[in-house]
Amino acid sequence: MLRAGCGAALGAGLRRGIGAGRRFSSGPVSGAKPGRRGWASAWQVGLKQTPLHDFHQQHGGKMVPFAGWSMPVQYTYSHLESHMHTRQHCSLFDVSHMLQTKVFGRDRVKFMESLVVGDIAELKPDQTRAQELRAAGNDVHLEVWENALLALQGPSAVRVLQAGVSDDLAKLPFMSSAVMDVFGVPGCRVTRCGYTGEDGVEISLPAGRVVELAERLLDDPDVWLAGLAARDSLRLEAGLCLYGNDIDETTTPVEASLVWTLGKRRRAAMDFPGAAIIVPQIKEKPKCKRVGLMSTGPPIRQHTRILDLEGRTVGTVTSGCPSPCLQKNIAMGYIKSEHSKVDTVLTVEVRKKNYSALVSKMPFVPTRYYTIK
């Protein structure tokens with residue numbers, strides 16, 4: 001049996017919604033722990049709701065439409081405060097809008113490898129493809145879980161969680177998972193992963209117990225609630241892609257600087273989708289490449305043009321925002337490969353004016369994923 005659901009390394013499970021790097025600000029409510037009061041959002045008619053929808057409003061969540069869902073963009077403190085708290089302590093995110101699927105049957109591995117480039121490195125369900133394989137005589141089935149999904153992210157996340165589990169989390173390295181009771185909630189699948197660049201976990205649990213667990217986690221003063229705005233700037237600092245912005249069906253892992261996702265066995269067999277295009281790109285430079293950028297002047301956003309020093313267009317920004325940690329403008333985008341070397345000086349066009357931009361290494365802020373040495 002295989003499970004798909006965690007956005008984790010690439011963030012590919014996230015659906016496109018809020019514009020990358022969009023800033024929101026609202027000061028904390030005087031005398032209240034951040035995230036404890038609510039904004040009304042009755043205008044959001046027709047949007048799907050996670051099991052924590054009422055909980056978000058009760059705790060100050062400002063709800064916005066996100067890929068057909070009503071999701072909190074922030075709470076009663078500013079985007080900057082939320083972002084920095086996650087880097088320094090830990091934050092709790094509701095990511096229950098992300099589909100969780102169980103794949104089972106004799107041909108479950110064959111099914112998953114018909115969808116991805118790795119040795120099941122990234123699991124992505126596709127109902128239609130499963131039907132095609134069954135029609136061809138293969139044994140594969142999908143079961144969509146109605147579980148909720150929480151992400152607890154930040155340097156103190158594991159300390160907070162360890163108080164509520166009997167398993168030794170020091171034995172759970174990055175991108176591994178285990179089923180355990182969490183603060184009295186049985187059958188939780190805890191995966192050491194996330195979308196912030198910090199150490200942390202994603203917890204899949206029955207929807208009927210998620211409010212109980214969220215409240216229990218919030219009892220620790222280190223834990224704040226965080227929304228989409230902080231999640232986006234955190235992942236950008238970590239150099240993580242947002243599906244629909246930075247990667248999609250038209251980009252290859254080589255162009256996206258994600259060659260590490262290509263399993264060695266799959267490369268040799270050339271049996272994954274797009275292999276005829278992707279494998280030759282590994283040996284020969286692709287025409288364009290995803291790079292990091294740091295710029296002067298106003299923040300650079302998605303669709304901003306990237307120019308060489310002669311004023312010729314050499315690429316486009318896919319995500320960008322001011323970095324709360326670095327206090328500089330950061331972005332990622334695709335540029336012609338001949339301009340992709342780190343420290344190459346380029347310019348970006350913002351409001352018809354050009355500003356200096358430097359090709360930079362990613363992640364912009366060092367990641368702190370937990371590995372066992």
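At what angle do helix α2 (residues 79-88) and α7 pack, and how far apart are their axes? In this predicted model, the two helices pack at an angle of about 55°, with their axes 9 Å apart.

## The α2-α7 helix pair

Angles from 65 to 115 degrees count as roughly perpendicular and those under 35 as roughly parallel. With an angle of about 55°, α2 and α7 are therefore oblique to each other. Their crossing is right-handed.

Each helix contributes a set of named residues to this contact. From α2 come His79, Ser82, His83, Thr86 and Arg87, and from α7 come Ala229, Ala230, Ser233, Leu234 and Glu237.

## Overall composition

The protein contains 9 helices and 18 strands. Of its 373 residues, 53% count as buried. The accessible surface comes to about 16,700 Å², and carbon and sulfur atoms account for 53% of that area.

Contacts have also been classed by separation along the chain. Among those between residues at least 6 apart in sequence, 67% join residues at least 24 apart.

## The open sheet

One sheet is open and is formed by 3 strands in the order β2-β4-β3, with mixed pairing. Its edge strands are β2 (48-49) and β3 (62-66), each of which pairs on one side only. Between β3 and strand β4 (residues 69-74) there are 5 bridges, and the two strands pair in the antiparallel sense. Pro65 has Ser70 of β4 as its bridge partner. Helix α7 (residues 228-237) packs on this sheet and touches both β3 and β4; the direction of the helix makes about 70° with that of β4.

The loop between β3 and β4 holds Ala67. Phi of Ala67 is near 55°, which is a positive value in a residue other than glycine. The relative accessibility of Ala67 is 31%, so this residue counts as partly exposed, the class that lies between the buried limit of 20% and the exposed limit of 50%.

## The closed barrel

A second group of strands forms a closed barrel. The barrel has 6 strands, running β13-β16-β15-β14-β17-β18, and the pairing is antiparallel. On average, neighbouring strands of this sheet are turned by 40° against each other, direction ignored.

Within the barrel, strand β15 (residues 313-323) and strand β16 (residues 328-336) run antiparallel and are joined by 8 bridges. Gly315 has Ile335 of β16 as its bridge partner. Helix α7 lies across β15 and β16, and runs at about 120° to β15. Helix α7 thus recurs in several parts of this description: α7 packs with α2, touches β3 and β4 of the open sheet, and lies across β15 and β16.

## Backbone features beside the barrel strands

Which residue in the loop between β13 (288-295) and β14 (305-307) is described here? The residue is His303, found in that loop. His303 has a positive phi of about 80° although it is not a glycine. Is His303 buried or exposed? The relative accessibility of His303 is 57%, and the residue therefore counts as exposed, the cut-off for that class being over 50%.

A further backbone feature concerns the peptide bond between Met362 and Pro363, which is cis, with omega at about 0°. Pro363 has its place in the segment after β18 (353-360).

Key. Residues are numbered from 1 along each chain as its sequence is written. This is a predicted model: local features need pLDDT of at least 70, side-chain atom pairs count only at pLDDT 80 or more; totals for chains, interfaces and linings use all residues. Side-chain values use heavy atoms; hydrogens and water are left out. Two strands pair if DSSP finds at least two bridges between them. Helices (H or I, at least four residues) and strands (E, at least two) are DSSP runs, numbered from the N terminus. Contact means heavy atoms within 4.5 Å. Axes are lines fitted to C-alpha atoms, for helices over the stretch in contact, and angles run from 0 to 180 degrees between N-to-C directions. Buried means under 20% relative accessible area, exposed over 50%, partly exposed in between (1.4 Å probe, protein chains only). Accessible areas come from the Shrake-Rupley method with a 1.4 Å probe; for residues, only the protein chains shown count as cover. Angles under 35 degrees count as roughly parallel, over 145 as roughly antiparallel, 65 to 115 as roughly perpendicular and the rest as oblique. A crossing is left-handed if the near helix is turned anticlockwise from the far one by less than a right angle, and right-handed if clockwise.
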